[in-house]
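The following exercises are to be worked with the sequence and the coordinates at hand. Each task is followed by a solution in steps.

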Amino acid sequence: RDTAMSEHNENIVILEEPIKRGETEISQVEIIKPNAGHLRGIGLASLANADVDALTVILPRITFPNLTTQECKTLNLPDLIALAGKVIGFLSPKSEL
């Protein structure tokens, strides 16, 4: 597997249950690294604990294609957990072990 390609795709989540948006089917979502502005109104502790309400607020701000709040609320659990894992990963400082 091409290392550059997997590094490029590390923030992409392949959805187990694609989202239907009209005639379009969204089968993968890229999570964009949030900045402080994306986090406005959301407690860091809530995000770190994968609080569903916090996730449904931040995911529409940091997903490509941009998911709607309603789409986030109807995600199946494995997809929500996969997206939450990426978000939580951004909150952790990079350690140099």
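## Exercise 1. Arg 21 and its partner

Arg 21 counts as partly exposed, at 31% relative accessibility. The model is a predicted one.

Task: Locate Arg 21 in the fold, list its contacts beyond four places in sequence, and identify its salt-bridge partner.

Solution.

Step 1. Arg 21 belongs to strand β1.

Step 2. Leaving out residues up to four places away in sequence, Arg 21 touches Ile 26, Pro 65, Asn 66, Leu 67, Thr 68 and Glu 71.

Step 3. With Glu 71, Arg 21 forms a salt bridge in which the closest N and O atoms are 2.7 Å apart. This pair links distant parts of the chain, since Arg 21 lies in strand β1 (residues 12-21) and Glu 71 in helix α4 (residues 69-73), 50 residues apart.

Step 4. The C-alpha atoms of Arg 21 and Glu 71 are separated by 8.9 Å.

Step 5. Glu 71 has a relative accessible area of 11%; because this is under 20%, Glu 71 is classed as buried.

## Exercise 2. The other salt bridge

Task: State how many salt bridges the whole structure holds, and describe the one formed by Lys 20.

Solution.

Step 1. A search of the whole structure yields two salt bridges.

Step 2. Lys 20 pairs with Glu 25, and their closest N and O atoms are 2.9 Å apart.

Step 3. Lys 20 has a relative accessible area of 60%; because this is over 50%, Lys 20 is exposed. Glu 25, at 46%, counts as partly exposed.

## Exercise 3. Overall fold and nonpolar core

Task: Give the order of the secondary-structure elements, then determine which elements give two or more residues to the largest nonpolar core.

Solution.

Step 1. The chain has five helices and three strands. From the N terminus on, they follow the order α-β-β-α-α-β-α-α.

Step 2. The chain has 97 residues, of which 31% count as buried.

Step 3. In soluble globular proteins, nonpolar side chains tend to be buried together. Here the largest nonpolar core has 22 residues, and those touching the most other members are Ile 31, Leu 47, Leu 55, Leu 59, Leu 67, Leu 83 and Val 87. Two or more residues come from each of β1, β2 (24-31), α3 (52-62) and α5 (77-91).

Step 4. Take Leu 67 as an example. Apart from neighbours within four places in sequence, Leu 67 is in contact with Ile 19, Arg 21, Ile 26, Val 29, Pro 60, Cys 72 and Leu 83.

Step 5. Consider contacts between residues at least 6 apart in sequence: 59% of them join residues at least 24 apart.

## Exercise 4. Pro 60 and Leu 91

Task: For Pro 60 and Leu 91, give the helix, the degree of burial and the contacts beyond four places in sequence.

Solution.

Step 1. Pro 60 sits in helix α3. Its relative accessible area is 18%, so Pro 60 is buried.

Step 2. Not counting residues up to four places away, Pro 60 touches Leu 55, Asn 66, Leu 67, Thr 68, Thr 69 and Cys 72. Between the C-alpha atoms of Pro 60 and Ile 31, which are 29 residues apart along the chain, the separation is 9.8 Å.

Step 3. Leu 91 is part of helix α5 and is partly exposed, at 30% relative accessibility.

Step 4. With residues up to four places away again left out, Leu 91 touches Leu 44, Leu 47 and Ala 48. From Leu 91 to Leu 47 the C-alpha distance is 8.5 Å, across 44 residues in sequence.

## Exercise 5. Backbone features and the largest pocket

Task: Find the cis peptide bond, find where Ala 50 lies, and describe the lining of the largest pocket.

Solution.

Step 1. The cis bond joins Phe 64 and Pro 65, with omega about -5°. Pro 65 is in the loop between β3 (63-64) and α4.

Step 2. Ala 50, a residue other than glycine, has a positive phi near 55°. Ala 50 lies in the loop between α2 (44-48) and α3 and is partly exposed, with a relative accessible area of 29%.

Step 3. The largest pocket holds about 180 Å³ of space. The residues lining this pocket are Glu 10, Asn 11, Lys 33, Gly 85, Lys 86, Gly 89, Phe 90, Ser 92 and Lys 94.

Step 4. Sorted by class, the lining has one nonpolar, four polar and four charged residues.

Methods: Residues numbered from 1 in each chain as written. Predicted model: local features only at pLDDT ≥ 70, side-chain atom pairs only at ≥ 80, totals over all residues. Heavy atoms only, no water. 1 Å grid on protein atoms, 1.4 Å probe; cavity = no way out; pocket = protein on both sides within 12 Å on 5 of 7 lines; lining within 4 Å. Points joined across faces, edges and corners; volume = space filled by probe spheres on them. Nonpolar A, V, L, I, M, F, W, Y, C, P; charged D, E, K, R; others polar. Salt bridge = Lys/Arg side-chain N within 4 Å of Asp/Glu carboxyl O. Buried < 20%, exposed > 50% of the residue type's maximum accessible area, 1.4 Å probe, protein only. Core = buried A, V, L, I, M, F, W, Y, C linked by side-chain atoms within 4.5 Å. Contact = heavy atoms within 4.5 Å.
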